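Here is a short report on a protein model. Please keep the sequence and the structure in view while reading.

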Amino acid sequence: MRTRAFLPLIAHGAVCIVLGCVFLWYGASEAVRVGNLGPVTAFHTTDKYMKVVVGDPAGSEHLLQAINALPEDEAVAVIFREQNDADTLLAYLVTYFAWPRPVISVPIDHVYVNGQRPTPLPDQWSARFFCGVTPPANLEPRIQIGDGLTIVPRADAKGGMP
Amino acid sequence: MTIVGLTAALLIIVIGGLGLTLALRPCKHFNLAELCALSWFFGTGLISLLLWIGGLFFSGVFLQSFVAILALGLGIVVFSQATKERISFVFPYPRSLIEWILLITITVQFGIIFWASFSSGLGWDGLLNWEIKARYAFLNHGVMPAQYFSDTSRDFTHQAYPPWIPLTEVWLYLWMGEAHQFWAKCLFAPFYCAGTILLIIIACRLTSRRWIGLLTGALIFFVPCLTTKPGGAQLGYVDVPIAMLYLAAIGYLLLAGEGNDPFSWRIYALSLSLLPWAKREGFVLWAIGAGCGLFVVWRAKRSLRDLLWLVPGPLTAVFWKIFYSSMGKTGAFEYLPMTIPTLMKNAFRLPIIGQRLIADMIDVERWSIFWPIALIALVSLLWRNRDRRFCILFVATVTPICVYAFLYVFSGWPNWNTHIQQSLSRLLLHVMPLLWLTVALALRPPELRQDGVGSPEPSDP
């Protein structure tokens, strides 16, 4: 009688142990993979992203330096391919650092309803940021950040190049 | 200097939260770990709300002083009142070898989460939804700049999202004197730790078994989605904090329903009221949690006055909505108008959403076998005790999943499949810690008659 009374307890324990072991088997194999600590820098995350997308480990500082040389009251244009995640991330990073400047997004592969891509006029921006896109050969001056981000300030923009 | 400022900022958060927690008038013997965990949640809520309200009138050093004085004042006044009332703080030490092993395991896990948090960067949303707002507010002397809300070129940062996390990050930045992506991450691991502590405490109280609480707290670490995947504790997303807050709300509601305990009810209400301040989805969780609260008031014959405690949640949401609208924006663009014609037009999505949901739940790389275990736990509880606890847990865990899945019918993304792919796991995360409470209840051995097996241990404070 006593064994019968314990049967539900034994069954309960057995089910819990089996499920727990399977859970731990899969969970532990995917559990936290700890990397190196730091670096303890103000641009900890954006530098990591910049290193991945343009190969420049101090990309945030270089980008910020270039942006700070541009007038704050004029927009910047960001040219990228929205179908490409790395280019989109780069465009967003430019937008992140460009504050308080408005940003004109120019996704070159975007399909517009009327088939025509709006092109911002030169007097609307102080610089163009080519994110993963090669700028036309005649555009000068240029600031290159890593391999993939080219900045082309408007020739008469206040501040100009850093 | 950065470290000194950071320490001061964190201390003020905890002191403010401590004041708010003790102001809810706990019992004479208060669990110290519980106090710390609740202080973290309420402290971040308090500081972010004060920064937002104070930011309407002040900026820079004045704003910083305004928030610091109020938070410190609340903490000091309420703490001195609590010592006058002879409230004692106790730390329940483990009583057996198993409990010691589990406690040490959990402590090591907390260390790993902190390490993982500081060794990885902020995730996409962590940077471009949350930290970006903190950076802009810091550059504008602690106040979210008005032109940011009307800036269409920054729509991808979701300006409509409430600023619980960004304003808490701003608080750190103001004290450090710089926007610092590395130190901003010290906010997120504590949410995981505080939530796990509350899970342990609530599970202990509901099951009357300390080892079950500790075991549950140790197991939650092994859900990959919580610790390694996008949305996890180390990436600076709001999903883990919101999930832990929801766990606290429903967990304390269960405790309030069992013992008619006014303190648990107040903790439930305050946790619930922070949900709409965390994320837009928080309002869905608030509505479900409030529905469960109404059920408890009805079944436990509590005073209707208790419902007044539910008011701050929607009030915060409404004021945020008014503020956001006054900034020149009328709405967010992720969802189509929620109308019957849209529903009829997109009804074909429902089976696909269901398939995606199940596929996500059985993805062992994301969840291990958590969802099958949670299902078995729910069925086990249904079999063993179809009581008020089960009803609340069932509604509080299943309804958000159904609502979140249903909302994809109205997704305005050109490729709504991508919308599901990018957000479903993170939304499921919102109910995951609460489901661990279900697992804890199901873990409790079946009661045996007359022979003493299954009788409760003495309850912990």
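Is T95(A) buried or exposed? T95(A) has 3% relative accessibility, which is under the 20% cut-off, so T95(A) counts as buried. The model is a predicted one.

**Helix α4 of chain A**

T95(A) sits in helix α4 of chain A. Its contacts, leaving aside neighbours within four places in sequence, are V103(A) in chain A and Y136(B), S153(B), R154(B) and F156(B) in chain B. T95(A) is not alone in being covered: 11 of the 14 residues of α4(A) are buried, so the helix is largely enclosed by the rest of the structure. Among these buried residues are D87(A), T88(A), L89(A), L93(A), Y96(A) and F97(A).

At the start of α4(A), N84(A) places a side-chain oxygen within 2.9 Å of the backbone nitrogen of A86(A). A similar check can be made in chain B. At the start of α2(B), a side-chain oxygen of N31(B) comes to within 2.9 Å of the backbone nitrogen of A33(B). Helix α2(B) covers residues 32–54. Of its 23 residues, 19 are buried, so α2(B) is also largely enclosed by the rest of the structure.

Do the lengths fit? The table sets out the two helices.

| Helix | Residues in helix | Expected span | End C-alpha atoms apart |
|---|---|---|---|
| α4(A) | 14 residues | 20 Å | 20 Å |
| α2(B) | 23 residues | 33 Å | 31 Å |

The expected spans rest on 1.5 Å a residue, and for α4(A) the end-to-end distance agrees. For α2(B) the distance agrees as well.

**Strands β1, β2, β3 and β5 of chain A**

Strand β1(A) spans residues 75–80, and 6 of its 6 residues are buried. In a regular strand the side chains alternate between the two faces of the sheet. In β1(A), A75(A), A77(A) and I79(A) point one way, while V76(A), V78(A) and F80(A) point the other way. Both sets are buried.

Which strands does β1(A) pair with? One is β3(A), residues 125–131, joined to β1(A) by 6 bridges in a parallel arrangement. Here A77(A) stands opposite R128(A), and F80(A) has C131(A) as its bridge partner. Another is β2(A), residues 103–107, joined to β1(A) by 5 bridges and also parallel. I79(A) has V106(A) as its bridge partner there. From β1(A) the chain crosses through α4(A), residues 85–98, to β2(A), and this β-α-β crossover is right-handed.

Strand β3(A) has a further partner. It is joined by 5 bridges to β5(A), residues 149–153, and these two strands run antiparallel. R128(A) of β3(A) has V152(A) as its bridge partner in β5(A). With 6 of its 7 residues buried, β3(A) is largely enclosed by the rest of the structure.

**Nonpolar cores**

How many residues does the largest nonpolar core have? It has 196 residues. Those with the most contacts inside it are L63(A), F129(A), L149(A), Y192(B), F370(B) and W436(B). Helix α12(B), residues 239–259, gives the most to this core, with 14 residues. Apart from it lies another core, of 6 residues, including I79(A), V106(A), F130(A) and L139(A).

What does F370(B) touch? Not counting residues up to four places away in sequence, F370(B) touches F23(A) in chain A, and V223(B), M432(B), L435(B) and W436(B) in chain B.

**Two further buried residues**

S60(A) lies in helix α3(A), residues 59–68. It has 0% relative accessibility, so S60(A) counts as buried. Leaving aside neighbours within four places in sequence, S60(A) is in contact with F43(A), T46(A), D47(A), M50(A) and F97(A). F97(A) is also one of the buried residues of α4(A).

E281(B) lies in helix α14(B), residues 281–299. Why does E281(B) count as buried? Its relative accessibility is 15%, and the cut-off is under 20%, so E281(B) falls on the buried side. Its contacts beyond four places in sequence are Y404(B), L427(B) and H430(B). V403(B) is 122 residues from E281(B) in sequence, yet the two C-alpha atoms are 9.9 Å apart in space.

Methods:
Residues are numbered from 1 along each chain as its sequence is written. Chains are lettered from A and ligands numbered from 1 in the order in which they are written. This is a predicted model: local features need pLDDT of at least 70, side-chain atom pairs count only at pLDDT 80 or more; totals for chains, interfaces and linings use all residues. Side-chain values use heavy atoms; hydrogens and water are left out. Helices (H or I, at least four residues) and strands (E, at least two) are DSSP runs, numbered from the N terminus. Buried means under 20% relative accessible area, exposed over 50%, partly exposed in between (1.4 Å probe, protein chains only). Contact means heavy atoms within 4.5 Å. A nonpolar core is a set of buried Ala, Val, Leu, Ile, Met, Phe, Trp, Tyr and Cys residues joined through side-chain atoms within 4.5 Å. Two strands pair if DSSP finds at least two bridges between them. A crossover is right-handed if, with the strands pointing away from the viewer, the path from the first strand over the helix to the second runs clockwise. The expected span of a helix is 1.5 Å times one less than its number of residues. A polar contact is a pair of N or O atoms within 3.5 Å; within protein, one must be able to donate a hydrogen and the other to accept it, and residues adjacent in sequence count only if both atoms are side-chain atoms.
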